[in-house]
Amino acid sequence: MVALTVLARHLQRHLVRQVRQVRLPVPQRSVPVRTCNLSACSSRVVLSQMHPMWQEPLEVPGGERQSPIDISMRKSIFDPNLKPLVTQYDPRTCQQIWNNGYSFLVEYDDTTDKSTLRGGPLEDQFRLCQFHFHWGENNSWGSEHTVDRQLYPAELHLVHWNADKYALFEEAVVEENGLAVIGVFLKVGKTHEGLQKLVDALPAVRHKDSVVEFTKFDPSCLLPESINEYWTYAGSLTTPPLTEAVTWIIMKQPIEVSHDQLAVFRSLLFTSAEEEAQKSMVNNFRVQQPLKGRTVRSSFTPFLQNVPPADP
Ligand SMILES: [Zn+2]
């Protein structure tokens, strides 16, 4: 049962975001939707099957550092100055799950510094506001980022905003150093025990615009064991407003979830209860974007570990 207060809070938050989005700076020129340059998303997902959000040309502000991208192991540069990541998440700040018609968002109270991220490539402290996933219609694709063109069936995004520099998420989202997003790849294997509590709650948000109270969820259970092996680069949001505000931190190690858990993701709907033709929530990822000269840094040295021992 959705408490009315939760619904009211959600609506208020949603309205605030919409109002703020209207105030976004108008781009100087319209950039046509880019075609994907990867085989991963060439013809498998035809336009007619894509989410309505992507069926019209989108205005990209600038378009110099868009996401997602392919991460090339060989071209990424080891940066020994990258510090360990420090996550401090308080499960009591977890509030609700919202089906926004594109993914489901697990939203956190971000009015205080109770759930934060710092360290790694970040100078400031960032507050967790929500996490969500992107996934495919089957296990062959679904992630937004790829590693050496390798696709994963899903990708988790933990979204944080710079609370040292800005007062609100809506302010941070349009600033260069406003957001920090942790990306975690999901691969199919054994059941993820931590994720199951969330999976069990998902049927309640099957339709677009549904919200359900969801509390005491510690998102750190969704991080891989070795959180200090990551890539980082300067990019953008992968959903409108596509602002180039994001420091991406992509975990090298994927987490394992079961096929059945992903099947529950796919049982959600892009459509609201009132709509006649129901559409499964699948393939909710953005096509890949050109690197445009950017450097992807890594916190680890992938090749040193594989060097064969010297002859005795
Ligand atoms: Zn995302």
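Which residue in β14 does Leu186 stand opposite? In this predicted model, Leu186 stands opposite Ile255 in β14. The legends below begin with the whole chain and then turn to single regions.

**Figure 1. Overview of the protein chain in the predicted model.** The protein chain contains four helices and 15 strands. It has 312 residues, of which 41% count as buried. Among contacts between residues at least 6 apart in sequence, 74% join residues at least 24 apart.

**Figure 2. Strand β10 and its three partner strands, β9, β13 and β14.** Strand β10 spans residues 179-188, and eight of its ten residues are buried, so the strand is largely enclosed by the rest of the structure. Strand β9 (residues 154-162) runs antiparallel to β10, and eight bridges join the two. Within this pairing, Leu156 has Val184 of β10 as its bridge partner. Strand β13 (residues 246-251) runs parallel to β10 and is joined to it by five bridges; here Leu179 stands opposite Val246. Strand β14 (residues 255-257) is also parallel to β10, with three bridges between them, and the facing residues include Leu186 and Ile255.

**Figure 3. The largest nonpolar core.** This core consists of 68 residues, and those touching the most other members are Ile97, Val106, Trp161, Leu179 and Val181. Strand β10 gives the most to the core, with seven residues. In soluble globular proteins, nonpolar side chains tend to be buried together. Apart from its neighbours within four places in sequence, Val181 is in contact with His157, Leu158 and Val159, as well as with Val246 and Trp248.

**Figure 4. Surroundings of Phe217, a residue in the loop between β11 and β12.** Strand β11 covers residues 211-213 and strand β12 covers 230-235. Although Phe217 belongs to a loop, it is buried, because 22 other C-beta atoms lie within 10 Å and the threshold for a buried residue is 20 or more. When residues up to four places away in sequence are not counted, Phe217 touches Pro91, Cys94, Val106, Lys197 and Leu198. Of these contacts, Val106 is also one of the core residues that touch the most other members. Gln96 is 121 residues from Phe217 in sequence, yet their C-alpha atoms are 9.9 Å apart in space.

**Figure 5. Two cis peptide bonds, at Pro68 and Pro241.** Most peptide bonds are trans. Ser67 and Pro68 are joined by a cis peptide bond, with omega about 0°. Pro68 is placed in the loop between α1 (4-22) and β1 (70-71). A cis peptide bond also joins Pro240 and Pro241, with omega about 15°. Pro241 is placed in the loop between β12 and β13.

**Figure 6. Two loop residues with positive phi, Asp148 and Asn283.** Most residues other than glycine have a negative phi. Phi of Asp148 is near 50°, a positive value, and the residue is found in the loop between β8 (146-147) and β9. Asp148 counts as exposed because it has 10 C-beta neighbours inside 10 Å. Phi of Asn283 is near 55°, likewise a positive value, and Asn283 is in the loop between α4 (259-266) and β15 (297-298). Asn283, with 21 C-beta neighbours inside 10 Å, counts as buried.

How values were computed:
Residues numbered from 1 in each chain as written. Predicted model: local features only at pLDDT ≥ 70, side-chain atom pairs only at ≥ 80, totals over all residues. Buried ≥ 20, exposed ≤ 12 C-beta atoms within 10 Å, placed from the backbone. Contact = placed C-beta atoms within 7 Å. Pairing = 2+ DSSP bridges. Core = buried A, V, L, I, M, F, W, Y, C linked by C-beta atoms within 7 Å.
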